[in-house]
Amino acid sequence: MTAIAVRNLAKWYSGSIAAVADLTLDVPTGSIFGFLGPNGAGKTTTISMLATLLRPTAGTAEVAGFDIRRHPDDVRRSIGIVFQESTLDPDLSAEENLRFYASLFGIGGRAARGTIADLLTLMDLSDRRKSPIRTFSGGMRRRLEIARALLHAPKVLILDEPTTGLDPQTRILIWDQLRRFRAEYDLTVFMTTHHLEEAEHCDRIAIMDHGDLVTEGTPAELKAVVGDDLVEMRTENDEAAAASIRKQFDLDVVVGDPNLRMRVRDGAALVPQLCAAIPVPVMSVTVRPPSLDDAFLHYTGRTIREEEGPRK
Ligand SMILES: Nc1ncnc2c1ncn2[C@@H]1O[C@H](COP(=O)(O)OP(=O)(O)OP(=O)(O)O)[C@@H](O)[C@H]1O
C-alpha cells in the first residue's frame with residue numbers, strides 16, 4: 001500500500017527557478033519516511049504541495065488515496081501537519097488550543113474531551129493542560145503541535161523538522177510516540193530532518209537536491225552505496241606513514257588534521273596489516289563503517305549542515 005504517491009511533481013517560482021523539478025516518489029503506508037536534502041533543496045515546497053497549500057506547476061500526487069489537485073479537501077482531512085514555526089495561540093492553554101482546533105474539524109463534546117485527554121497523556125503534557133502556551137518550553141510546544149495534528153486521526157502525519165532545537169530527551173520521547181502511533185494506527189509519517197542520526201531511525205529515506213530526487217532507500221541501502229569503512233590513524237610521523245601506506249597498499253591516504261584518513265573495504269581486517277607494515281609508531285586507530293553523513297555527502301556533494309551553495 002502506498003500512502004503518498006508523487007508523480008512528476010514540479011513547482012516553478014517566478015517562472016524561472018524549479019524549486020521542485022520532476023519528483024516521483026512512493027511512500028509506503030505505515031512507514032516513517034525521512035525526506036532529506038540541503039537547504040533550498042525543495043523539501044518545504046514539496047510538503048506544501050502535498051498538504052494542498054501550494055499548487056503544483058506540473059505533475060500531481062495522491063495522499064491517502066486522494067489526488068492533491070482534484071480532491072484537496074479529502075487530502076486535508078487525511079493529513080496532520082506540523083510546520084517549523086509554531087502556530088499555537090500563546091494565550092490559550094494546551095487544552096484550549098486543542099479544543100479550538102478540534103472544533104475546526106467538527107469534533108466536539110465528549111469525543112473531543114476524550115481524544116484531547118488521551119493525546120495530552122501520550123505527549124506527556126497532562127499535568128500542564130491548563131497552562132498557557134507562553135509558559136511552555138520549545139519541546140512542550142512541539143509535542144502539543146504533534147498532538148494537535150493527530151486530533152482528527154489522520155492517516156498521514158507530515159512533519160517539517162519536528163525535532164530541530166529540541167533536547168535529546170524530548171527527541172527520544174517524540175520518536176517513541178511516533179513509532180507507537182505508527183504501530184497502533186498504521187499512521188504514515190513523512191518528515192524532513194537535518195539530523196542524520198535521526199534519519200537512521202526512519203524506515204526509508206529520500207534525498208533531494210536542487211529540486212530533484214537523488215536517491216531513495218532504507219538507511220542501510222544508502223550507506224551500502226558508500227561501501228567502504230573509514231580508517232583514521234594517528235602516528236608519530238603521519239607524512240612518513242602515509243607515504244608507506246600508499247606505496248605498500250596502493251591506498252588513497254589523506255594526511256589531515258589531526259588524523260590520517262583512508263577508505264577501505266574491510267577496515268577491521270586491514271588495520272593489523274597497516275600497523276605492522278608502516279615504519280613509524282602508531283598512536284591510535286579508529287575504524288568506522290559508512291554513516292548516513294557519508295551517504296549524504298556522496299549524493300549531494302555537501303554535508304547536511306553546509307549552507308546552500310550557488311544554484312546550478
Ligand atoms: N515563495 C517563493 N518564491 C520564490 N522562490 C522560492 C519561494 N519559496 C522557496 N523558493 C525557492 O525554492 C527553492 C526551494 O526552497 P524550499 O524552501 O522548498 O527548500 P527546502 O529544501 O525546504 O530548504 P530548507 O531546508 O532551507 O527549509 C529555494 O531556492 C528557495 O529559495
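**Entry 1: contacts and overall make-up**

I looked up how far apart in sequence the contacting residues are: among contacts in the protein chain with a separation of 6 or more, 70% join residues 24 or more positions apart. I note here that the model is a predicted one. I then looked up the secondary structure and found 11 helices and 14 strands in the protein chain. The C-alpha trace spans about 80 × 50 × 35 Å along its principal axes. The chain has 312 residues, and 36% of them count as buried.

**Entry 2: the nonpolar cores**

Next I asked which residues have the most contacts inside the largest nonpolar core. They are Ile-4, Leu-50, Val-63, Ile-158 and Phe-190, in a core of 64 residues. Strand β2 gives the largest share of this core, five residues. I picked Val-63 and listed its contacts, leaving aside neighbours within four places in sequence. Val-63 touches Ile-4, Leu-50, Ile-68, Val-75, Ser-78, Ile-79 and Val-156. Apart from the largest core I found another, of 10 residues, including Val-231, Ala-241, Val-253 and Leu-260.

**Entry 3: a four-stranded sheet**

I followed Val-231 into strand β11, which covers residues 229–235. This strand belongs to an open sheet of four strands, in the order β12-β13-β11-β14, with antiparallel pairing. At the edges are β12 (253–255) and β14, each paired on one side only. On average, neighbouring strands in the sheet are turned by 20° against each other, direction ignored.

Two helices are in contact with these strands. Helix α9 (residues 238–249) packs on the sheet and touches β11, β12 and β13. The direction of α9 makes about 170° with that of β12. Helix α10 (residues 267–277) lies across β11, β13 and β14, and runs at about 165° to β14.

**Entry 4: strand β11 up close**

I counted the bridges on both sides of β11. Five bridges join β11 to β13 (residues 260–264), and six join β11 to β14 (residues 282–288). Both pairings are antiparallel. I also noted single partners. Asp-229 stands opposite Val-264 in β13. In β14, Leu-230 has Arg-288 as its bridge partner, and Thr-235 faces Val-282.

Which residues of β11 are on the covered face, and which on the uncovered one? Asp-229, Val-231, Met-233 and Thr-235 are on the covered face. Leu-230, Glu-232 and Arg-234 are on the uncovered face. I wrote down the general rule beside this: side chains in a regular strand alternate between the two faces of the sheet.

**Entry 5: around the ligand**

Last, I looked up what surrounds the ligand. The shell consists of Tyr-13, Ser-14, Ile-17, Ala-19, Gly-37, Asn-39, Gly-40, Ala-41, Gly-42, Lys-43, Thr-44 and Thr-45. The elements that give two or more residues to this shell are β2 (17–28) and α1 (43–50). Which element gives the largest share? It is α1, with three residues. Sorted by class, the shell has four nonpolar, seven polar and one charged residues. I also noted that β2, one of the elements of the ligand shell, is the strand that gives five residues to the largest nonpolar core.

Methods. Residues are numbered from 1 along each chain as its sequence is written. A residue is buried if 20 or more other C-beta atoms lie within 10 Å of its own, exposed if 12 or fewer, and partly exposed in between; C-beta atoms are placed from the backbone. Two strands pair if DSSP finds at least two bridges between them. A residue is near a molecule or strand if its C-beta atom, placed from the backbone, lies within 6 Å of it. Ala, Val, Leu, Ile, Met, Phe, Trp, Tyr, Cys and Pro count as nonpolar, Asp, Glu, Lys and Arg as charged, and the others, Gly among them, as polar. Axes are lines fitted to C-alpha atoms, for helices over the stretch in contact, and angles run from 0 to 180 degrees between N-to-C directions. Two residues are in contact if their C-beta atoms, placed from the backbone, lie within 7 Å. A nonpolar core is a set of buried Ala, Val, Leu, Ile, Met, Phe, Trp, Tyr and Cys residues joined through C-beta atoms within 7 Å.
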